[in-house]
Amino acid sequence: MFKKLLLTVLLSVFSISFLSAQHDEEASHEVVSGNEDFVERHEEHAEEAFDMGGMIMHHILDEHGWEFAHGFKIPLPIIVYTAQNGLDIFSSARFDENNGEYGDYVMHHEKISLKSDHHATVWDFSITKNVASLLLSAVILILIFTAVAKGYKKNAGKAPSGIQSFFEPVITTIRDEVVKPSIGPKYEAYLPYMLTLFFFILINNLIGLTPGAANLTGNIAVTLVLALITFVMVHFKANKNYWMHIVKPPGVPGWLLPLFWIIEIIGVLMKPASLTIRLFANITGGHIILLSFIGLVFMFKSYAVGGGVWAIGTFMSLIEILVAFIQAYIFTLLSSMYIGGAIEEHHDH
Amino acid sequence: MELLTPGIGLIAWQLLIFLALFFVLRKFAWKGILSALKSREEEIDSALRMAEETRAEMAKLKSDNEKLIAEARAERDALIKEAKMTSSRMVEEAKSKASQEAGKILEDAREAIAQERITMVDSLRKEVGSLAIDIAEKVIKKELSDKGAQTKLVSELMSEAKLN
């Protein structure tokens with residue numbers, strides 16, 4: 001019903017837009033600049049054709065330095081190691097000053113290579129926009145949850161108050177609805193990890209939706225590491241039952257075993273792979289949709305499209321906030337289930 | 001830095017920072033939060049259980065009390081009934097005893113009166129006899145003072161005695 005309504009509004013908006021389009025370009029810029037962080041994009045491309053794909057990629061990928069808006073970029077440290085030059089640390093501003101060149105280093109599309117040897121491996125451990133955002137989220141999480149913990153110390157034996165009562169239902173939900181039923185009686189040992197995981201993904205999903213911020217949980221490196229930690233945890237804690245299931249599944253004739261080994265190994269590897277890709281694809285996909293709608297504004301440059309995009313963009317942003325919670329929940333739930341499956345005691349099939 | 005190829009730098013930083021975050025939060029946040037939550041839940045649990053027990057005890061006490069009260073009431077009723085019966089019996093007994101006594105007294109009185117009468121009649125008879133004798137004596141004494149009359153009488157008596 002709501003979707004239909006939106007669609008109708010959008011279509012009418014579009015039809016009007018084509019009649020009265022290109023009326024007042026300058027004004028439409030203002031409409032957009034009030035809401036979004038892409039003013040800089042617009043201004044940059046005001047004269048030339050708008051590069052939608054480039055804009056989207058720029059926003060969802062990592063970068064050296066943190067560009068909040070066009071012309072307002074915070075330089076971040078670049079840390080590179082090469083066999084030839086050893087370890088080098090310098091500011092990303094050096095690249096911006098010299099068209100992407102600094103000393104022996106050249107940066108092209110955020111990729112650093114050596115001028116003297118184009119094929120040399122450059123180990124790039126820079127504090128990029130994502131790393132900075134990662135640090136920021138870690139600091140925010142530590143501040144929030146030490147404050148919550150302080151609340152528990154202060155209100156021992158009393159009703160929760162303030163930030164403590166805000167987070168308590170979330171913590172108890174993760175504990176009682178996600179971790180406890182999935183892992184079983186030994187759930188308490190895994191609770192700190194699962195809570196850290198949930199709140200880390202959640203806060204970074206939400207930060208990712210903030211204009212100007214980094215798309216951290218939509219970066220495959222981040223989701224890969226989270227999935228791998230869960231994977232390692234599962235296989236370190238797995239009991240005999242779990243391994244026996246992989247090595248010798250019950251009720252399988254001996255000559256079929258090699259086939260089952262292949263299937264089981266694929267199954268084992270699919271779990272972290274699906275965790276990695278699910279979170280990455282959901283968050284990145286959401287960003288691409290949102291950015292595509294916003295990009296329409298710069299393609300059509302009309303009031304009407306601006307209004308339509310404002311409506312649908314707001315709606316999409318709300319959905320993305322929902323997705324932020326859902327994906328954090330699902331990642332935590334699946335991690336719990338994988339661990340629960342690995343430490344489960346034997347039962348009959 | 002491409003979309004689908006994880007960069008080694010971010011992997012390293014993510015691993016480092018996430019693990020550090022995990023250990024810091026575990027030590028400074030989750031430990032306190034989870035243990036506080038657990039102990040509070042246990043407290044609430046035990047308080048609820050205690051309330052339930054107390055309620056059961058109260059109910060038991062109440063029913064005991066009611067039973068006691070009912071028993072006491074029944075006992076009281078029985079006592080009252082018995083007392084009533086006793087008192088009415090006592091009254092009854094007293095009445096019958098009193099009437100018996102009264103009858104006996106009346107009987108005695110009647111007897112005494114009869115006895116009295118007999119003795120009175122006896123003494124009256126004696127009195128009247130002696131009075132008659134006295135009178136007779138006096139009459140005779142007066143009669144015999146006259147010699148002629150005496151002789152006359154003697155002769156009369158003599159004649160009479162003869163006749164008998």
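In this predicted model, helix α7 of chain A, residues 163–183, packs against helix α12 of chain A, residues 303–343. The two axes lie 7 Å apart and make an angle of about 30°. Angles under 35 degrees count as roughly parallel, and α7(A) and α12(A) are therefore roughly parallel to each other. The crossing of α7(A) over α12(A) is right-handed.

The residues that form this contact can be listed from each side. From α7(A) come Ile174(A), Val178(A), Val179(A), Ser182(A) and Ile183(A). They meet Thr332(A), Leu333(A), Ser336(A), Met337(A), Ile339(A) and Gly340(A) of α12(A). Sorted by class, the contact of α7(A) with α12(A) holds seven nonpolar residues, four polar ones and no charged ones.

Ile174(A) deserves a closer look. This residue sits in helix α7 of chain A. Is Ile174(A) buried or exposed? Ile174(A) has 22 C-beta neighbours inside 10 Å. A residue with 20 or more such neighbours is classed as buried, so Ile174(A) counts as buried. If neighbours within four places in sequence are set aside, Ile174(A) is in contact with Val179(A), Met194(A), Leu195(A), Phe198(A) and Thr332(A). Of these partners, Thr332(A) belongs to the α12(A) side of the helix pair. Another residue, Val323(A), lies 149 residues from Ile174(A) along the chain, and the C-alpha atoms of the two are separated by 17 Å.

Chain A also contains an open sheet of three strands, in the order β4-β3-β8, with antiparallel pairing. Which strands stand at its edges? They are β4 (86–91) and β8 (123–124) of chain A; each has a single partner strand, so one side of each is left without a neighbour in the sheet.

Strand β3 of chain A covers residues 77–82 and is joined to β8(A) by two bridges, the two strands running antiparallel. Here Tyr81(A) stands opposite Trp123(A), and Val80(A) has Asp124(A) as its bridge partner. With β4(A), β3(A) forms six bridges, again in an antiparallel arrangement. On that side, Val80(A) stands opposite Asp88(A). Val80(A) therefore has a partner in β8(A) as well as one in β4(A). The connection from β3(A) to β4(A) is a hairpin through three residues.

The side chains of β3(A) alternate between two faces. Ile78(A), Val80(A) and Thr82(A) point to one face and are buried. Pro77(A), Ile79(A) and Tyr81(A) point to the other face and are not buried.

Seen as a whole, chain A has twelve helices and eight strands. Of its 349 residues, 36% are buried. Among contacts in chain A between residues at least 6 apart in sequence, 69% join residues at least 24 apart.

Chain A also touches chain B. How many residues does each chain bring to the contact? Chain A supplies 38 residues and chain B supplies 30. By class, the chain B side has 23 nonpolar, four polar and three charged residues.

Terms used: Residues are numbered from 1 along each chain as its sequence is written. Chains are lettered from A and ligands numbered from 1 in the order in which they are written. This is a predicted model: local features need pLDDT of at least 70, side-chain atom pairs count only at pLDDT 80 or more; totals for chains, interfaces and linings use all residues. Axes are lines fitted to C-alpha atoms, for helices over the stretch in contact, and angles run from 0 to 180 degrees between N-to-C directions. Helices (H or I, at least four residues) and strands (E, at least two) are DSSP runs, numbered from the N terminus. Angles under 35 degrees count as roughly parallel, over 145 as roughly antiparallel, 65 to 115 as roughly perpendicular and the rest as oblique. A crossing is left-handed if the near helix is turned anticlockwise from the far one by less than a right angle, and right-handed if clockwise. Two residues are in contact if their C-beta atoms, placed from the backbone, lie within 7 Å. Ala, Val, Leu, Ile, Met, Phe, Trp, Tyr, Cys and Pro count as nonpolar, Asp, Glu, Lys and Arg as charged, and the others, Gly among them, as polar. Two strands pair if DSSP finds at least two bridges between them. A residue is buried if 20 or more other C-beta atoms lie within 10 Å of its own, exposed if 12 or fewer, and partly exposed in between; C-beta atoms are placed from the backbone.
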